[in-house]
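Hi,

Here is the structure I promised to pass on. Have it open while you read, and my notes on what I found follow below.

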Amino acid sequence: MSLRIAFLASKADVAQQALAELETRYGHVSPEQADVIVALGGDGFMLRTLHSMVDHPAPVYGMNCGTVGFLMNEYRTEGLTERLQDAVQEIINPLSMTAMDRQGGVHKELAINEVSLLRAGPQAARLQVSVDGRIRMPELVCDGALVATPAGSTAYNYSAHGPILPIGADVLALTAIAAFRPRRWRGALLPSNAMVRFDVLEPEKRPVMADADSISVADIDWVEIRTELNIRHKILFDPGHGLEERLISEQFT
(Lines give C-alpha, C1' and ligand atoms only; values in the text may rest on other atoms or scores of the structure.)
Protein backbone atom coordinates (compact mmCIF):
# COMPACT_ATOMS: atom_id res chain seq x y z
CA MET A 1 0.00 0.00 0.00
CA SER A 2 1.42 3.40 -0.98
CA LEU A 3 1.97 6.00 1.72
CA ARG A 4 -0.05 9.18 1.75
CA ILE A 5 2.47 11.97 2.37
CA ALA A 6 1.87 15.57 3.46
CA PHE A 7 4.81 17.85 2.66
CA LEU A 8 5.43 20.99 4.70
CA ALA A 9 8.31 23.39 4.03
CA SER A 10 9.92 26.45 5.56
CA LYS A 11 9.98 29.72 3.62
CA ALA A 12 13.66 29.27 2.68
CA ASP A 13 14.25 29.05 -1.07
CA VAL A 14 15.98 25.67 -0.84
CA ALA A 15 13.07 24.23 1.15
CA GLN A 16 10.51 25.62 -1.28
CA GLN A 17 12.43 24.13 -4.22
CA ALA A 18 12.52 20.76 -2.45
CA LEU A 19 8.78 21.01 -1.77
CA ALA A 20 7.98 21.52 -5.46
CA GLU A 21 10.20 18.64 -6.53
CA LEU A 22 8.91 16.17 -3.94
CA GLU A 23 5.25 17.00 -4.50
CA THR A 24 5.73 16.44 -8.23
CA ARG A 25 7.41 13.09 -7.63
CA TYR A 26 5.36 11.67 -4.75
CA GLY A 27 2.08 13.56 -4.77
CA HIS A 28 0.65 15.39 -1.80
CA VAL A 29 -2.26 15.16 0.64
CA SER A 30 -3.34 17.33 3.55
CA PRO A 31 -1.96 16.58 7.03
CA GLU A 32 -5.42 15.35 8.05
CA GLN A 33 -5.29 12.67 5.36
CA ALA A 34 -1.60 11.77 5.66
CA ASP A 35 0.04 8.58 6.90
CA VAL A 36 3.23 10.58 7.43
CA ILE A 37 4.19 14.25 7.41
CA VAL A 38 7.50 15.25 5.81
CA ALA A 39 8.96 18.52 7.10
CA LEU A 40 11.49 20.31 4.89
CA GLY A 41 13.70 22.85 6.63
CA GLY A 42 15.96 23.06 9.66
CA ASP A 43 15.50 22.24 13.33
CA GLY A 44 13.50 25.40 13.96
CA PHE A 45 10.98 24.47 11.30
CA MET A 46 10.84 20.90 12.63
CA LEU A 47 9.93 22.22 16.09
CA ARG A 48 7.22 24.45 14.64
CA THR A 49 5.86 21.51 12.63
CA LEU A 50 5.71 19.25 15.68
CA HIS A 51 3.91 21.93 17.67
CA SER A 52 1.40 22.66 14.91
CA MET A 53 0.76 18.96 14.16
CA VAL A 54 0.35 17.89 17.79
CA ASP A 55 -3.31 16.95 17.23
CA HIS A 56 -2.60 14.89 14.10
CA PRO A 57 -1.86 11.16 14.49
CA ALA A 58 0.69 10.98 11.64
CA PRO A 59 4.40 10.89 12.61
CA VAL A 60 6.77 13.56 11.31
CA TYR A 61 9.85 12.80 9.21
CA GLY A 62 12.21 15.73 8.73
CA MET A 63 14.61 16.28 5.83
CA ASN A 64 17.33 18.84 6.31
CA CYS A 65 17.05 21.91 4.13
CA GLY A 66 18.48 24.16 6.83
CA THR A 67 21.72 24.40 8.81
CA VAL A 68 22.28 22.11 11.82
CA GLY A 69 19.47 19.62 11.26
CA PHE A 70 19.89 17.65 14.49
CA LEU A 71 16.26 16.53 14.35
CA MET A 72 16.35 16.00 10.59
CA ASN A 73 17.31 13.26 8.17
CA GLU A 74 19.53 13.76 5.13
CA TYR A 75 17.77 15.36 2.19
CA ARG A 76 17.46 13.09 -0.84
CA THR A 77 14.71 12.96 -3.43
CA GLU A 78 15.24 9.31 -4.41
CA GLY A 79 13.67 6.41 -2.53
CA LEU A 80 11.63 8.49 -0.11
CA THR A 81 8.77 6.00 0.14
CA GLU A 82 11.19 3.19 1.08
CA ARG A 83 12.94 5.42 3.62
CA LEU A 84 9.63 6.27 5.27
CA GLN A 85 8.59 2.63 5.42
CA ASP A 86 11.91 1.65 7.03
CA ALA A 87 12.12 4.63 9.41
CA VAL A 88 12.39 4.17 13.18
CA GLN A 89 9.99 6.09 15.39
CA GLU A 90 11.01 8.04 18.50
CA ILE A 91 8.52 9.36 21.06
CA ILE A 92 9.17 12.72 22.73
CA ASN A 93 7.21 14.28 25.59
CA PRO A 94 7.41 18.07 25.64
CA LEU A 95 7.76 20.38 28.60
CA SER A 96 4.79 22.39 29.81
CA MET A 97 5.53 25.99 30.82
CA THR A 98 3.16 28.05 32.96
CA ALA A 99 4.37 31.62 33.43
CA MET A 100 2.76 34.54 35.21
CA ASP A 101 3.76 38.05 34.17
CA ARG A 102 3.91 41.01 36.53
CA GLN A 103 0.48 42.20 35.39
CA GLY A 104 -1.07 38.93 36.56
CA GLY A 105 -1.46 37.35 33.12
CA VAL A 106 -0.93 33.58 32.96
CA HIS A 107 0.73 32.13 29.84
CA LYS A 108 0.92 28.41 28.98
CA GLU A 109 3.19 27.04 26.27
CA LEU A 110 4.85 23.76 25.29
CA ALA A 111 8.54 23.21 24.57
CA ILE A 112 10.16 20.22 22.89
CA ASN A 113 13.72 21.45 23.44
CA GLU A 114 13.81 23.69 26.49
CA VAL A 115 12.19 26.38 28.58
CA SER A 116 14.61 29.18 29.33
CA LEU A 117 14.59 32.29 31.49
CA LEU A 118 16.71 35.19 30.25
CA ARG A 119 17.55 38.56 31.72
CA ALA A 120 15.75 41.34 29.84
CA GLY A 121 17.86 44.26 31.02
CA PRO A 122 21.46 45.29 31.67
CA GLN A 123 21.67 43.64 35.10
CA ALA A 124 21.90 39.95 35.89
CA ALA A 125 18.73 38.13 36.86
CA ARG A 126 18.09 37.00 40.43
CA LEU A 127 16.13 33.76 40.57
CA GLN A 128 14.86 31.52 43.34
CA VAL A 129 14.84 27.86 42.28
CA SER A 130 12.39 25.32 43.70
CA VAL A 131 11.94 21.65 42.83
CA ASP A 132 8.68 19.87 43.71
CA GLY A 133 7.69 22.68 46.07
CA ARG A 134 10.97 22.77 47.99
CA ILE A 135 13.34 25.73 47.65
CA ARG A 136 16.65 24.31 46.47
CA MET A 137 18.46 27.56 45.72
CA PRO A 138 17.32 30.76 47.46
CA GLU A 139 19.27 32.94 45.04
CA LEU A 140 20.79 32.24 41.63
CA VAL A 141 22.37 35.31 40.04
CA CYS A 142 22.88 34.70 36.35
CA ASP A 143 22.15 35.76 32.80
CA GLY A 144 19.45 33.10 32.81
CA ALA A 145 18.59 29.45 33.42
CA LEU A 146 16.90 26.69 31.47
CA VAL A 147 15.29 23.28 31.78
CA ALA A 148 16.01 20.99 28.83
CA THR A 149 14.61 17.66 27.66
CA PRO A 150 16.94 14.91 26.40
CA ALA A 151 15.92 15.77 22.83
CA GLY A 152 16.82 19.41 23.41
CA SER A 153 19.94 18.80 25.47
CA THR A 154 22.27 19.37 22.49
CA ALA A 155 20.69 22.76 21.69
CA TYR A 156 20.83 25.84 23.95
CA ASN A 157 21.52 23.62 26.96
CA TYR A 158 24.74 22.31 25.41
CA SER A 159 25.97 25.75 24.39
CA ALA A 160 25.43 26.82 28.01
CA HIS A 161 27.72 23.92 29.06
CA GLY A 162 24.86 21.70 30.21
CA PRO A 163 25.05 17.90 29.90
CA ILE A 164 23.88 15.87 26.92
CA LEU A 165 21.12 13.54 28.10
CA PRO A 166 20.53 10.08 26.58
CA ILE A 167 17.09 9.40 25.19
CA GLY A 168 15.16 7.28 27.68
CA ALA A 169 17.17 8.51 30.67
CA ASP A 170 14.01 9.98 32.31
CA VAL A 171 15.89 13.05 33.46
CA LEU A 172 15.84 16.78 32.76
CA ALA A 173 18.79 19.15 32.74
CA LEU A 174 18.59 22.30 34.87
CA THR A 175 21.36 24.54 33.58
CA ALA A 176 22.42 28.06 34.52
CA ILE A 177 23.47 30.55 31.86
CA ALA A 178 26.59 32.48 32.91
CA ALA A 179 26.06 31.92 36.65
CA PHE A 180 27.64 34.64 38.81
CA ARG A 181 26.49 33.41 42.21
CA PRO A 182 26.94 30.61 43.16
CA ARG A 183 30.03 31.01 41.01
CA ARG A 184 30.43 28.38 38.29
CA TRP A 185 27.39 26.44 39.46
CA ARG A 186 27.16 23.51 37.06
CA GLY A 187 23.42 22.92 37.28
CA ALA A 188 21.52 19.76 38.22
CA LEU A 189 19.98 16.61 36.79
CA LEU A 190 16.37 16.11 37.84
CA PRO A 191 13.83 13.29 37.43
CA SER A 192 11.67 13.80 34.36
CA ASN A 193 8.55 14.03 36.56
CA ALA A 194 9.99 16.89 38.65
CA MET A 195 8.24 20.26 38.77
CA VAL A 196 10.71 23.15 38.56
CA ARG A 197 9.71 26.64 39.62
CA PHE A 198 11.63 29.86 39.12
CA ASP A 199 10.60 32.95 41.09
CA VAL A 200 12.04 36.23 39.84
CA LEU A 201 13.57 38.33 42.61
CA GLU A 202 13.65 42.12 42.11
CA PRO A 203 11.64 41.92 38.87
CA GLU A 204 11.29 45.72 38.61
CA LYS A 205 15.04 46.26 38.76
CA ARG A 206 16.06 43.03 37.02
CA PRO A 207 13.36 42.12 34.46
CA VAL A 208 13.28 38.58 33.10
CA MET A 209 11.64 36.98 30.06
CA ALA A 210 10.67 33.34 29.59
CA ASP A 211 11.00 31.42 26.34
CA ALA A 212 9.50 28.06 25.32
CA ASP A 213 10.96 26.91 21.99
CA SER A 214 11.19 30.56 20.80
CA ILE A 215 7.74 31.56 22.08
CA SER A 216 8.53 34.38 24.50
CA VAL A 217 6.75 35.92 27.48
CA ALA A 218 8.04 39.26 28.75
CA ASP A 219 8.29 40.71 32.25
CA ILE A 220 7.60 37.53 34.20
CA ASP A 221 7.05 37.05 37.93
CA TRP A 222 7.34 33.25 38.12
CA VAL A 223 7.53 30.19 35.87
CA GLU A 224 6.65 26.54 36.51
CA ILE A 225 7.96 23.77 34.25
CA ARG A 226 7.07 20.09 34.12
CA THR A 227 7.02 17.23 31.62
CA GLU A 228 3.72 16.94 29.74
CA LEU A 229 3.18 13.18 29.65
CA ASN A 230 -0.19 13.44 27.91
CA ILE A 231 1.42 14.73 24.70
CA ARG A 232 3.55 12.39 22.58
CA HIS A 233 5.39 13.78 19.57
CA LYS A 234 6.23 11.04 17.03
CA ILE A 235 9.42 11.63 15.03
CA LEU A 236 10.83 9.32 12.35
CA PHE A 237 14.54 8.72 11.68
CA ASP A 238 16.46 6.65 9.17
CA PRO A 239 17.69 3.36 10.74
CA GLY A 240 20.98 3.86 12.59
CA HIS A 241 20.56 7.63 12.73
CA GLY A 242 17.99 8.02 15.51
CA LEU A 243 18.15 10.38 18.46
CA GLU A 244 20.06 7.96 20.68
CA GLU A 245 22.87 7.60 18.12
CA ARG A 246 22.94 11.34 17.46
CA LEU A 247 23.18 12.17 21.15
CA ILE A 248 26.05 9.73 21.63
CA SER A 249 27.88 10.90 18.49
CA GLU A 250 27.56 14.55 19.53
CA GLN A 251 29.70 13.85 22.59
CA PHE A 252 32.64 12.66 20.47
CA THR A 253 32.79 15.55 18.00
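Before the sheets, one bit of vocabulary: two strands count as paired if DSSP finds at least two bridges between them. With that in hand, β3 and β17 (residues 233-237) do pair, in the parallel sense, over 2 bridges. Please keep in mind that this is a predicted model.

**The five-stranded sheet**

β3 and β17 belong to an open sheet of 5 strands, in the order β1-β2-β3-β17-β4, with mixed pairing. At the edges are β1 and β4 (88-92), each of which pairs on one side only. From one strand to the next, the twist averages 30°. As a reminder, strands of a sheet pair through backbone hydrogen bonds, and they can do so in a parallel or an antiparallel way.

β17 is a good strand to look at here. On the β3 side, V60 stands opposite I235 of β17, and Y61 has L236 of β17 as its bridge partner. On the β4 side, β17 runs antiparallel to β4, and 5 bridges join them. Q89 also has L236 of β17 as its bridge partner. How much of β17 is buried? Of its 5 residues, 4 are, so β17 is largely enclosed by the rest of the structure.

**Helices around that sheet**

Start with α1 (residues 13-26). This helix has 14 residues and reaches 20 Å from its first C-alpha to its last, close to the 20 Å expected at 1.5 Å a residue. Its buried residues include A15, A18, L19 and L22. Why do these four end up on the same side of α1? Because they cover an arc of only 110° around the axis. The cover over the buried residues of α1 includes β1 (5-9), β2 (36-41), β3 (60-64) and α3 (80-86). Turn to the face of α1 that points away from the buried side and you will find the exposed residues D13, Q17 and T24. Just after the helix comes G27, with a positive phi near 80°.

α2 (residues 43-52) lies across β1, β2, β3 and β17, and runs at about 150° to β2.

Further along the chain is α5 (residues 243-250), where L243, R246 and L247 are buried. These three sit on the same side of α5, because their arc around the axis is only 100°. What do the buried residues of α5 pack against? They pack against β4 and β17.

**Two arginines to click on**

R76 is in the loop between β3 and α3. Is R76 buried or partly exposed? Its relative accessible area is 33%, so R76 is partly exposed. Its side chain makes a polar contact of 3.2 Å with the side chain of E74. Not counting residues up to four places away in sequence, R76 touches M63 and R83. R76 and D238 are 162 residues apart in sequence, and their C-alpha atoms are 12 Å apart in space.

R206 is in another loop, the one between β13 (196-201) and β14 (208-212). With a relative accessibility of 14%, R206 counts as buried, the cut-off for that being under 20%. What does its side chain reach? The side chain of R206 gets to the backbone oxygen of A124 at 2.9 Å. Leaving aside neighbours within four places in sequence, R206 is in contact with Q123, A124, R126, V200 and L201.

**The six-stranded sheet**

β13, which comes before the R206 loop, is one of the strands in an open sheet of 6, ordered β6-β5-β16-β13-β8-β9, with antiparallel pairing. β6 (106-111) and β9 (134-142) are the edge strands, each pairing on one side only. The twist here averages 20° from one strand to the next. Within this sheet, β5 (residues 95-101) and β16 (residues 220-227) run antiparallel and are joined by 7 bridges. If you want one pair to find on screen, take A99, whose bridge partner in β16 is V223.

For a quick tour, I'd begin at β17, with β3 as its parallel partner and β4 as its antiparallel one. From there, go on to the buried side of α5, which packs against β4 and β17. After that, R206 and its reach to A124 will take you over to the other sheet.

Cheers

How values were computed:
Residues numbered from 1 in each chain as written. Predicted model: local features only at pLDDT ≥ 70, side-chain atom pairs only at ≥ 80, totals over all residues. Heavy atoms only, no water. Expected span 1.5 Å × (residues − 1). Buried < 20%, exposed > 50% of the residue type's maximum accessible area, 1.4 Å probe, protein only. Arc of directions from axis to C-beta. Contact = heavy atoms within 4.5 Å. Axes fitted to C-alpha atoms, helices over the stretch in contact; angles between N-to-C directions. Polar contact = N/O pair within 3.5 Å; in protein donor to acceptor, adjacent residues only side chain to side chain.
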